[in-house]
Amino acid sequence: EKWRRFVSSALSLNNNTSAQPWFSTSGTLNVRALTSIRFEADLELLTGTSAHDISLTMAGTATLTSILYDVEYTEAAVNAAATAGRWLSINQASATAIVTGSTAARKRIRIKGVVVINAGGTFIPQLTFSAAPGGTNQMGAGSYMIAEQVALSGFTAIGDWS
């Protein structure tokens with residue numbers, strides 16, 4: 001099973017401190033019990049420039065056995081080199097700050113990981129601003145997420161491994 005979500009034109013994001021799905025109202029995956037899912041995302045956030053933190057959360061009704069994902073974060077204008085970046089490895093579904101005190105109007109977030117689902121349900125990647133960034137907040141065109149079921153839980157190998 002595969003899921004894909006691609007943003008062809010910018011999606012509005014809330015200008016508040018409530019957790020919100022990455023892809024507005026179409027940001028929920030329905031996942032099966034006892035499966036492992038590999039996911040990746042490339043997100044462009046366009047925000048106001050009032051100082052704010054950004055946290056990522058993996059929410060929903062599914063219960064997780066484990067989760068591990070890597071996040072690469074940069075701030076730069078389009079067609080300009082980023083002067084700094086940040087890389088994190090996260091092993092929890094609860095809110096984790098990936099940047100603090102951002103005043104940049106453009107952010108890029110790249111994510112790759114695996115989640116092991118115990119009980120099926122919904123899986124909802126979310127972001128939260130610590131303070132309203134101001135301005136018009138959007139998930140930029142070209143942002144995407146791809147997820148695919150790669151194994152049943154308990155399997156450590158599929159195929160002819162020795």
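**Salt bridges and buried residues in the predicted model**

At a relative accessibility of 42%, Arg-110 counts as partly exposed. The structure described here is a predicted model. Asp-42 is buried, with a relative accessible area of 10%. The side chains of Arg-110 and Asp-42 meet in a salt bridge, with 3.1 Å from N to O. This pair links distant parts of the chain: Arg-110 sits in strand 10 (residues 106-119), Asp-42 sits in strand 5, and 68 residues separate them. The salt bridge thus joins a partly exposed arginine to a buried aspartate.

A search of the whole structure finds five salt bridges. Among them is the pair formed by the side chains of Arg-106 and Glu-44, at 2.6 Å from N to O. Arg-106 lies in strand 10 and Glu-44 in strand 5, so this pair ties together parts of the chain that are 62 residues apart in sequence. Arg-106 has a relative accessible area of 18%. Because the cut-off for a buried residue is under 20%, Arg-106 counts as buried. Glu-44 is also buried, at 10% relative accessibility. In general, side chains of opposite charge can pair when their charged atoms come close.

Strand 5 also holds Arg-38, and strand 13 (residues 144-152) holds Glu-148. Arg-38 forms a salt bridge with Glu-148, and the closest N and O atoms are 2.3 Å apart. This pair likewise links distant parts of the chain, 110 residues apart. Arg-38 is partly exposed, with a relative accessible area of 33%. Glu-148 is buried, at 17%. Glu-44, a buried residue, was placed above in strand 5. Salt bridges that share partners join Arg-38, Glu-40 and Glu-148 into one network.

Glu-148 has a further contact with strand 5. Ser-36 is placed in this strand and touches Glu-148. Beyond residues up to four places away in sequence, the contacts of Ser-36 also include Val-115, Val-116, Gln-149, Val-150 and Ala-151. Ser-36 is buried, with a relative accessible area of 11%.

The largest nonpolar core has 35 residues. Its largest share, five residues, comes from strand 5 (residues 35-46). Trp-22, Ile-98, Ile-111 and Met-139 have the most contacts inside the core. In soluble globular proteins, nonpolar side chains tend to be buried together. Outside its sequence neighbours up to four places away, Ile-98 touches Ile-54, Ser-55, Leu-56, Val-71, Tyr-73, Arg-86, Leu-88, Ile-90 and Ile-109. These partners of Ile-98 include Ser-55 and Arg-86 as well as isoleucine, leucine, valine and tyrosine residues.

Met-139 also appears among the contacts of Phe-23. Phe-23 lies in the loop between strand 3 (20-21) and strand 4 (29-31). Although placed in a loop, Phe-23 is buried, with a relative accessible area of 3%. With residues up to four places away in sequence left out, Phe-23 touches Arg-5, Val-7, Leu-11, Leu-43, Met-139, Ser-143, Tyr-144 and Met-145. One of these partners, Leu-43, falls within the residue range of strand 5 (35-46). Another, Tyr-144, falls within that of strand 13 (144-152). Phe-23 and Tyr-69 are 46 residues apart in sequence, and their C-alpha atoms lie 19 Å apart in space.

Terms used
Residues are numbered from 1 along each chain as its sequence is written. This is a predicted model: local features need pLDDT of at least 70, side-chain atom pairs count only at pLDDT 80 or more; totals for chains, interfaces and linings use all residues. Side-chain values use heavy atoms; hydrogens and water are left out. Helices (H or I, at least four residues) and strands (E, at least two) are DSSP runs, numbered from the N terminus. Buried means under 20% relative accessible area, exposed over 50%, partly exposed in between (1.4 Å probe, protein chains only). Contact means heavy atoms within 4.5 Å. A nonpolar core is a set of buried Ala, Val, Leu, Ile, Met, Phe, Trp, Tyr and Cys residues joined through side-chain atoms within 4.5 Å. A salt bridge is a side-chain nitrogen of Lys or Arg within 4 Å of a carboxyl oxygen of Asp or Glu.
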